[in-house]
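Morning, everyone. Please have the sequence and the model open side by side, and follow along as I talk.

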Amino acid sequence: MIVFTNGCFDVIHPGHVDLLDRARDLGSKLIVGINSDRSVRSIKGPGRPIQDEQARRSVLLGLRAVDEVLIFDEPTPARLIEDLRPDVLVKGGDWRVSEIIGADHVLGYGGQVHSLPIKEGFSSSSIIDKIKGSEAIDHNIGDSITENSIKEHIQVAHEVLRYCRQAIAECFELIYGAFHNNRKILICGNGGSAADSQHIAAEFVGRYETERKALNAIALSTDTSAITAIGNDYGFDRIFSRQVEALAVPGDCLIALSTSGMSPNVILAAMEARRRGCTVIGMTGKAGRKLASLSDGCILVPSNRTSRIQEAHITIAHVWCEMIDNRISHGG
């Protein structure tokens, strides 16, 4: 029986070894898919991977449990899983079965899908942070809350300009592609990001700064009647995915906002959008790797503070509006 799992595997630690050993025990051959260097950067952000794809492949092949390592360049291993048709699909326990890319496909032909508990206390990102030393923004850079917040906002804006320009441009092309093909743009987010999703939708459908054809943008409903109805019937986690089921068609675009990148209802909406042939754009923070790994394009704002991440999301949406207006004004 062929077992398949995937990940970045940038810095191998005991948690990885334990997971791979237990995955191998579920079959007779373990194949590991690893993200290419370009794919890792889109998920983990600037400065990653620490080791290039060939080095990561060599380290994994040196482990007793691993029989083969395949590199994929796409955002997700969906195509690789379809080609391999593994008997068993495995991910770490921080992924629920409903969130695992390829789970529906494998279960559809009678295969098994497992979310195995992960060994606590180990993380490639935390190891890398320890090696580099703390690079966190200094929250004592001024003598007042006002000064600190504004200086921090400016610092994050500089980091966005430095590290996110390519991702902003790539995501714009995905948005504009949906717009150009008369497809819908669906937007969802929790908490403050719910308000942000409505703000972004309003900017997309409105006039913005110049006259243009409005984008067909919809902020997925977060009003109390919709939350109550869907929550009662399907559970809170389905708040957005149920609306994606009702509204989305192939070629539409979902912009999924989650400052943590871990919001279950946003993750399920992204999964449902992928199943329906939609493009998925993630907007998250520095640690939002789960959402990033499910997205065709993703903005990882280099901050862990909710307020700074949300401010950056609105700023980036305004930039997209300007890019759309500019493209249209030049006959795009």
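Let's start with a single residue. S307 sits in helix α14. Keep in mind that this is a predicted model. Is S307 buried or exposed? Neither: S307 counts as partly exposed, because its relative accessibility is 28%, and the buried class stops under 20% while the exposed class begins over 50%. Now look for T259. In sequence, T259 and S307 are 48 residues apart. In space, their C-alpha atoms are 9.0 Å apart.

Next, the sheet beside that helix. Which strands form it, and in what order? The order is β7-β6-β8-β9-β10. That makes five strands in an open sheet, with parallel pairing. At the edges are β7, residues 217–219, and β10, residues 297–301. Each of these two pairs on one side only. Ignoring direction, neighbouring strands here are turned by 15° against each other on average. Back to helix α14, which spans residues 306–329 and packs on this sheet. Helix α14 touches β8, β9 and β10. Its direction makes about 140° with that of β9, residues 279–285.

Let me zoom in on one pair of strands. β6 covers residues 185–189, and β8 covers 253–257. They run parallel, joined by five bridges. Take G189: its bridge partner in β8 is L257. In general, strands of a sheet pair through backbone hydrogen bonds.

Stay with β6 and turn to helix α11, residues 239–247. Which residues of α11 are buried? They are I239, F240, S241, Q243 and V244. What do these buried residues pack against? Their partners are β6, α10 at 224–234 and α12 at 264–275. As a reminder, an α-helix has 3.6 residues a turn, so residues three or four places apart point the same way.

Now the other sheet. Again we have five strands, open, with parallel pairing. The order this time is β3-β2-β1-β4-β5. β3, residues 68–72, and β5, residues 112–116, are the edge strands, and each pairs on one side only. From one strand to the next, the twist averages 25°. β4 and β5 share five bridges in the parallel sense. One residue to find there is K91, whose bridge partner in β5 is S115. On the β3 side, helix α3, residues 53–61, lies across β2 and β3. Helix α3 runs at about 160° to β3.

Close by in the chain order is S36, in the loop between β2 and α2. Why does S36 count as buried? Its relative accessible area is 4%, and the cut-off for buried is under 20%. What does S36 touch, leaving out residues up to four places away in sequence? The list is E53, R56, I71, F72 and D73.

Last stop, the largest pocket. Its volume is about 920 Å³. There are 37 lining residues, and the closest to the centre are H16, K44, K91, D94 and W95. So we meet K91 again, this time in the pocket. Where does the lining come from? β1, α1, α2, β4, α6 and α13 each supply at least two residues. By class, the lining has 15 nonpolar, 13 polar and nine charged residues.

That's my tour. Thanks for listening.

Terms used:
Residues are numbered from 1 along each chain as its sequence is written. This is a predicted model: local features need pLDDT of at least 70, side-chain atom pairs count only at pLDDT 80 or more; totals for chains, interfaces and linings use all residues. Side-chain values use heavy atoms; hydrogens and water are left out. On a 1 Å grid over the protein atoms alone, a cavity is a set of points where a 1.4 Å probe fits but cannot get out, and a pocket is an open set with protein on both sides within 12 Å along at least five of seven lines; lining residues have an atom within 4 Å of a point. Grid points are joined across faces, edges and corners, and a volume is the space filled by probe spheres set on the points. Helices (H or I, at least four residues) and strands (E, at least two) are DSSP runs, numbered from the N terminus. Ala, Val, Leu, Ile, Met, Phe, Trp, Tyr, Cys and Pro count as nonpolar, Asp, Glu, Lys and Arg as charged, and the others, Gly among them, as polar. Two strands pair if DSSP finds at least two bridges between them. Axes are lines fitted to C-alpha atoms, for helices over the stretch in contact, and angles run from 0 to 180 degrees between N-to-C directions. Contact means heavy atoms within 4.5 Å. Buried means under 20% relative accessible area, exposed over 50%, partly exposed in between (1.4 Å probe, protein chains only).
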